Amino acid sequence: MDLSTVLCLFVSFLSIFLFKSLAKSFLLSFKGKQSPLPPGTMGWPYIGETFRMYSQDPTIFFATKIKRYGSMFKSHILGYPCVMISDSEAAKFILNKDQLFKPTYPASKERMLGKQAIFFHQGAYHANLRRLVLRTVMPETIKDLVSDIESIAQSCLKSCEGKLITTFLEMKTYTLNVALLTIFGRDENLCGEDLKRCYYTIERGYNSMPINLPGTLFHMAMKARKELAQIFTQIISTRRNMKQDHNDLLGLFMSEKSGLTDEQIIDNIVGVIFAARDTTASILTWILKYLDENPCVLEAVTEEQESILRAKEESGEKMDLNWSDTKNMLITTRVIQETLRIASILSFTFREAVEDVEFQGHLIPKGWKVLPLFRIIHHSPDNFKEPEKFDPSRFEAITVAPKPNTFMPFGDGAHACPGNELAQLEILVLLHHLTRNYRWSIIGEKNRIQYGPFALPENGLPIKLYPKK
Ligand code: HEM
Ligand SMILES: *[C@@H]1O[C@H](CO)[C@@H](O)[C@H](O)[C@H]1NC(C)=O
């Protein structure tokens, strides 16, 4: 090849390149948009793919899509166009850019929980609430609650002895009582029964059609929400009259420095209970199922719990559990982590693009919903070997720990779960007493799962609970 040919080739390459970029910038100014929308189908107008997604195992729905379109694809659910994100780095990015992606919930759910609740907000108001909640559930605070949580766990188990129970319902009673302890402290005279009744009614209406007409579940739930506000108003005014400082969540909310109105306080109490209760109860339910299915794991957990007590006995310590005991429950902790992964009770969360966002070569238009798919991330063989296998040892640091940033059962970024330490503590304490003192057998069909709003063993896992001795 002589010099002129090389030159010639070079020039023609250059001109092609120039032409291409010229054409590109022309197209850009013409369309005003840089990147195409993500691939995917939008399904039918309005209903979109809502039914397809909610009527089957969401893993199957998503897996089919990912195979076809890749890790980011568009869809249309609950009346909104949306982009689904199944890559962990991308999910992390979305959850950490809260100036670009704000939290978003259907208006009916906002109304039911209370518009002032933490989930719906950003900026200074959100940061203030978050600080207050974190202070109540951080290790330094909940350290002092271990023996109270222990007695709640023991009496909960005692009340189930010898009976056929619905695991999920009993665990909900437990997690509600722990939530009430952190919010109202030890000595509040609570209208426990009324409060529980209101919550059950709200839950039944929460996922029903939002039609506010007499007789509908939604209407009953909205009524129960009003009654709940009255109960909390009563508690607040009793406290004001006592003129005593409390160092629980309500105490912090009511302190002058918090700057919160009564309505804001109530919406956030409702919200924290809502966030704390079903999540923790359903993880506990899944743990009982997985321990039943994996006798070796159950044995290892039981042995760990026995050995913690034995050590206390030998050293002549008080027999009550304390915080550092719970930090030594390494096997049990891995069982919790593995259950959080495999059950992925919050399959995904919602954000909304605040403006047009360019992301990984695609356009996410302003107003579109963005869904980080936690369940898919936790079930990807790229992140977890043999993802469908329940294997707590995968969380051992010495073997291959999960790839960083692929495990996010508590979300990530500004709205990540502030209650993770509390959740872990109450689960550990319950498992301590359960595995040492009880056996259980699952009644009925073992492998069915119900979906909506989140995955749960069918019928809430009916079991029979027997004392060991
Ligand atoms: C195993 C149990 C739990 C799981 C799996 C869980 C999971 C989550 C996740 C994934 C989020 C983030 C949602 C999003 O980004 O859209 C969240 C938020 C939240 N969780 Fe939890 N949670 C659990 C227990 C608790 C407990 C015990 C509390 C009690 C304090 C709690 C309080 C909250 C609150 C207040 C938020 C909202 C935070 C904000 O918007 O800034 N959660 N939770
Ligand atoms: C907690 O229990 C452990 C083991 O029984 C004991 O060594 C430790 O001193 C206790 N910690 C506190 C703060 O009581």
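How do the residues of the shell around ligand 1 divide into nonpolar, polar and charged? In this predicted model, the shell comprises 18 nonpolar residues, six polar residues and one charged residue. Of the 25 residues around ligand 1, those that come nearest are Ala276, Thr349, Gly411, Cys417 and Gly419. Two or more residues each are given to this shell by helix 6 (123-137), helix 13 (262-293) and helix 18. The greatest contribution is that of helix 13, with six residues. Ligand 1 lies between domain 1 (34-114 + 345-378) and domain 2 (116-185 + 246-344 + 406-469), because both domains give residues to its shell.

The surroundings of ligand 2 were examined in the same terms. Lys312, Ser315, Glu317, Asn322, Ser324 and Asp325 are the residues around this ligand. By class, three residues of the shell around ligand 2 are polar and three are charged, while none is nonpolar.

Helix 18, which contributes to the shell around ligand 1, also packs against helix 8. The axes of helix 8 (residues 146-160) and helix 18 (residues 420-437) come within 9 Å and cross at roughly 50°; the two helices are therefore oblique to each other. The crossing of helix 8 with helix 18 is right-handed. On the side of helix 8, the contact involves Val146, Ile149, Glu150, Ala153, Gln154 and Leu157, which meet Leu425, Glu426, Val429, Leu430, His433 and Leu434 of helix 18. Eight nonpolar, two polar and two charged residues make up this contact between helix 8 and helix 18.

Technical notes:
Residues numbered from 1 in each chain as written. Chains lettered and ligands numbered in written order. Predicted model: local features only at pLDDT ≥ 70, side-chain atom pairs only at ≥ 80, totals over all residues. Near = placed C-beta within 6 Å. Nonpolar A, V, L, I, M, F, W, Y, C, P; charged D, E, K, R; others polar. Axes fitted to C-alpha atoms, helices over the stretch in contact; angles between N-to-C directions. Helix = DSSP H or I, 4+ residues; strand = E, 2+ residues; numbered from the N terminus. Parallel < 35°, antiparallel > 145°, perpendicular 65-115°, else oblique. Left-handed = near helix turned anticlockwise from the far one by under 90°. Contact = placed C-beta atoms within 7 Å. Domains from an automatic or database assignment.
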